[in-house]
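Q: I'd like a close look at one part of this structure, and then at how that part fits into the rest. Please spell out the cut-offs as you go, since I'll want to check them myself.

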Amino acid sequence: MARLTLADLADLNAQFEHSDPRDLIRWAKDLFGDRLAALSSMQKTGCAVCHMLSTLDLDIPVLFVDTGVLFPETYAHRDLIAEEYGLTIRTLTPELTMEEQTNQLGVLYLTPEGQAECCRMRKSDPLLAVADQYDAMISSLRRSDGGPRGRTPVLSPDPETNTLRINPLVTMADEELAAYLKDNAIPTNPLHEQGYATIGCNRCTTPVLPGEPKRAGRWRHLGPWSQYCGINPTDMMPPEQLSVDLPEDLIDRVLGRATDFVI
Ligand code: SF4
């Protein structure tokens, strides 16, 4: 094993900055093969990625984290996307039901500390439970979502899951995303039409008012200090902490370094 840091990826990220998202997905599949998955919560960007995966037909599974307290519309939309695009969607679930968790620990999501713990148990831990099956994950973060996402790199090591995150939509602006969804007649979660700019658990997501930031509807009851769940490392961690340990030959191939073979 060897260490791959965000700094090591600087040249590659500069090279990929304006790459077509499909080319990035192909690049990832060529390198990581069966150890590549996509991560989608079936919001607009995740559905755009699902559409790209279906047109590329590369047999990349989609990981969907089901906290057990998502909106009925979200479950229905996951099933619709799976059927419409013929994708393998792997639903990941927490160890405890929300009822069991509440009986044991109380209603966690009412305080910032409890929210962090609840998101860890219901979102991050289910992903961590399967993470050793993968070396890379395709995410759908975009810089135009603002906040810490404004500095999201195309490629980013995720120390939590020890996978390389690939963000093929990172430079896609709001108008480009809207056009992509429209041009390809991609179905979106009907909650978006009801004022939900982003969609998470039913306990912690509300619509947003005109003029409010996109993420104002997430953890509204906690104020602006808890706007991310932690499942995406670039939302929470400083760049210098972003690193992964991968096989050395895989890192060589990611970085396009020549490998010496002894015959
Ligand atoms: S969004 Fe709310 S309910 Fe969902 S896992 Fe996080 S704290 Fe828990």
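A: Happy to. First, a word on the secondary-structure labels: helices (H or I, at least four residues) and strands (E, at least two) are DSSP runs, numbered from the N terminus. Residues are numbered from 1 along each chain as its sequence is written. This is a predicted model, in which local features need pLDDT of at least 70 and side-chain atom pairs count only at pLDDT 80 or more, while totals for chains, interfaces and linings use all residues.

Let's start with a loop. Cys201 sits in the loop between α7 (174-183) and α8 (233-236), and Cys204 belongs to the loop between α7 and α8 as well. Both appear in a UniProt record: an unreviewed entry places the feature "binding site" at Cys118, Cys119, Cys201 and Cys204. These residues are spread over 87 residues of sequence, yet they cluster in space, with a largest C-alpha distance of 11.1 Å. UniProt positions are given in the numbering used here, feature names are shortened, and annotations may be inferred rather than shown by experiment.

How does the ligand fit in? It is surrounded by 13 residues, the closest being Tyr109, Cys118, Cys119, Cys201 and Cys204. A residue counts as near the ligand when its C-beta atom, placed from the backbone, lies within 6 Å of it. By type, the shell divides into seven nonpolar, three polar and three charged residues. Here Ala, Val, Leu, Ile, Met, Phe, Trp, Tyr, Cys and Pro count as nonpolar, Asp, Glu, Lys and Arg as charged, and the others, Gly among them, as polar.

Next, burial. A residue is buried if 20 or more other C-beta atoms lie within 10 Å of its own, exposed if 12 or fewer, and partly exposed in between, with C-beta atoms placed from the backbone. Cys201 is buried because 21 other C-beta atoms lie within 10 Å. Cys204 is buried too, because it has 21 C-beta neighbours inside 10 Å.

For contacts, the rule is that the C-beta atoms of two residues, placed from the backbone, lie within 7 Å. Setting aside residues up to four places away in sequence, Cys201 touches Thr67, Val69 and Leu70. With that same exclusion, Cys204 touches Tyr109, Arg218 and Trp219. Tyr109 is also listed with the residues closest to the ligand.

Two further residues of the loop are worth a look. Cys229 is found between α7 and α8, and an unreviewed UniProt entry places the feature "active site" there. Cys229 is buried because it has 24 C-beta neighbours inside 10 Å. Leaving aside neighbours within four places in sequence, Cys229 is in contact with Cys119 and Lys123; Cys119 belongs to the annotated "binding site". Lys214 lies in the loop between α7 and α8, but counts as partly exposed because it has 15 C-beta neighbours inside 10 Å. Residues up to four places away aside, Lys214 touches Asp145, Ala197, Thr198 and Val208. Lys214 and Asp30 are 184 residues apart in sequence and 35 Å apart in space, C-alpha to C-alpha.

Now step back to the wider setting. An unreviewed UniProt entry gives the annotation "domain: Phosphoadenosine phosphosulphate reductase" to residues 36-207. Over residues 36-207 the chain is 38% helix and 13% strand, and the end C-alpha atoms are 33 Å apart.

Then there is the nonpolar core, meaning a set of buried Ala, Val, Leu, Ile, Met, Phe, Trp, Tyr and Cys residues joined through C-beta atoms within 7 Å. The largest one has 53 residues, and those with the most contacts inside it include Ala28, Ala136 and Ile138. Elements that give two or more residues to this core include α2 (21-32), α3 (44-56) and β5 (136-138), with α3 giving the most, six residues. Neighbours within four places aside, Ala28 is in contact with Leu36, Ala136, Ile138 and Ile166. In soluble globular proteins, nonpolar side chains tend to be buried together.

Finally, the whole chain: it has nine helices and eight strands, and buried residues make up 38% of its 263 residues. Among contacts between residues at least 6 apart in sequence, 76% join residues at least 24 apart.
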